[in-house]
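Here is a short report on one protein model. Look over the sequence and the fold before reading on.

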Amino acid sequence: MSWIEPVTYETAPQAVKDYLDKNGHENLTRSRKIAWQLKNYIVYDAVEENAWRMDAEVQRLVGKRYGDLLEYTIASLSHSEICTEYYTKCLINQGIHPDNPDYDEKDKVVIAFATAVVQNNGQIPENVRADLHKNFNEEQIAVLAGMAVACCGDILYERIFDLK
């Protein structure tokens, strides 16, 4: 249970009301954590909207499959109920079953990278770096790293406020 109250339209700061008036009040319930992020529009933009922009860039440059595998792995290893549930559904919708995976080489490289991000506090072992270079160009690697940072930040926000 969170130790701060979620925002409602009535309790929202004016910048948040302006955002909701422009983009739709359903944004308050788009995910289980947005009502806490919208305590302040800049917080929401930095944590949630930037993550969506990164996700779009990963899909454009690397592919949805690899972005979702990255985020699922980070979420599950970080014990994020909200993100693990969401990315499990994303993977299943692509025919990937996390409990019974059939991963190819690139999948395994993305999973090894995401695992190193979580378990090694971002220190990526040389063998994982080499595998990334064999399977992705440097722009793609930079985008995967940016998505990992966005995902970890999002999960940290969940933890700070005990969001489940």
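The text below covers the cores, helix 4, one helix pair and a few single residues.

**Basis**

This is a predicted model: local features need pLDDT of at least 70, side-chain atom pairs count only at pLDDT 80 or more, and totals for chains, interfaces and linings use all residues. Residues are numbered from 1 along each chain as its sequence is written, and side-chain values use heavy atoms, with hydrogens and water left out.

Helices are DSSP runs of H or I with at least four residues, numbered from the N terminus. Buried means under 20% relative accessible area, exposed means over 50%, and partly exposed lies in between (1.4 Å probe, protein chains only). A contact, or touch, means heavy atoms within 4.5 Å.

**Cores**

A nonpolar core is a set of buried Ala, Val, Leu, Ile, Met, Phe, Trp, Tyr and Cys residues joined through side-chain atoms within 4.5 Å. The largest one has 35 residues. Its members that touch the most other members are V62, L70, I74, F113, L132, F136 and L144. Two or more residues each come from helix 3 (41-61), helix 4 (64-77), helix 5 (81-93), helix 6 (105-119), helix 7 (126-135) and helix 8 (138-160). Helix 8 gives the largest share, eight residues.

L132 shows the packing in detail. Leaving out residues up to four places away in sequence, L132 touches V109, F113, I141 and L144. Another core lies apart from the largest one. This other core has 16 residues, including L20, A35, L38 and Y44.

**Helix 4**

Is helix 4 mostly covered or mostly uncovered? Helix 4 is mostly covered, with ten of its 14 residues buried. The buried residues are Y66, G67, D68, L69, L70, E71, Y72, T73, I74 and A75. They pack against helix 3, helix 5, helix 6 and helix 8.

The length of helix 4 also checks out. The expected span of a helix is 1.5 Å times one less than its number of residues. The 14 residues of helix 4 should therefore span 20 Å, and its end C-alpha atoms are 20 Å apart, which agrees.

T73 sits in helix 4. T73 counts as buried because its relative accessibility is 8%. Leaving out residues up to four places away in sequence, T73 touches I111, A114 and T115. T73 and A148 are 75 residues apart along the chain, and their C-alpha atoms are separated by 10.0 Å.

**Helix 1 against helix 3**

Two packed helices are described by the angle between their axes and the distance between the axes. Here, axes are lines fitted to C-alpha atoms, for helices over the stretch in contact, and angles run from 0 to 180 degrees between N-to-C directions. The axes of helix 1 (residues 14-23) and helix 3 come within 8 Å and cross at roughly 55°. That makes helix 1 oblique to helix 3. Angles under 35 degrees count as roughly parallel, over 145 as roughly antiparallel, 65 to 115 as roughly perpendicular and the rest as oblique.

Helix 1 brings A15, V16 and Y19 to the contact, and helix 3 brings Y41, Y44 and E49. These residues divide into five nonpolar, no polar and one charged. Ala, Val, Leu, Ile, Met, Phe, Trp, Tyr, Cys and Pro count as nonpolar, Asp, Glu, Lys and Arg as charged, and the others, Gly among them, as polar.

**E48**

E48 is also in helix 3. Its relative accessible area is 5%, so E48 is buried. Leaving out residues up to four places away in sequence, E48 touches R30, K33, I34, Q37, V43 and D154. E48 and V117 are 69 residues apart in sequence and 20 Å apart in space, C-alpha to C-alpha.

**Loops**

Most residues other than glycine have a negative phi. H79, just after helix 4, takes a positive phi of about 60°. N121 has a positive phi near 50°. The table places three loop residues.

| Residue | Loop | Relative accessibility |
|---|---|---|
| H79 | helix 4 to helix 5 | 68%, exposed |
| N100 | helix 5 to helix 6 | 64%, exposed |
| N121 | helix 6 to helix 7 | 71%, exposed |

N100 and N120 are 20 residues apart along the chain, and their C-alpha atoms are separated by 25 Å.
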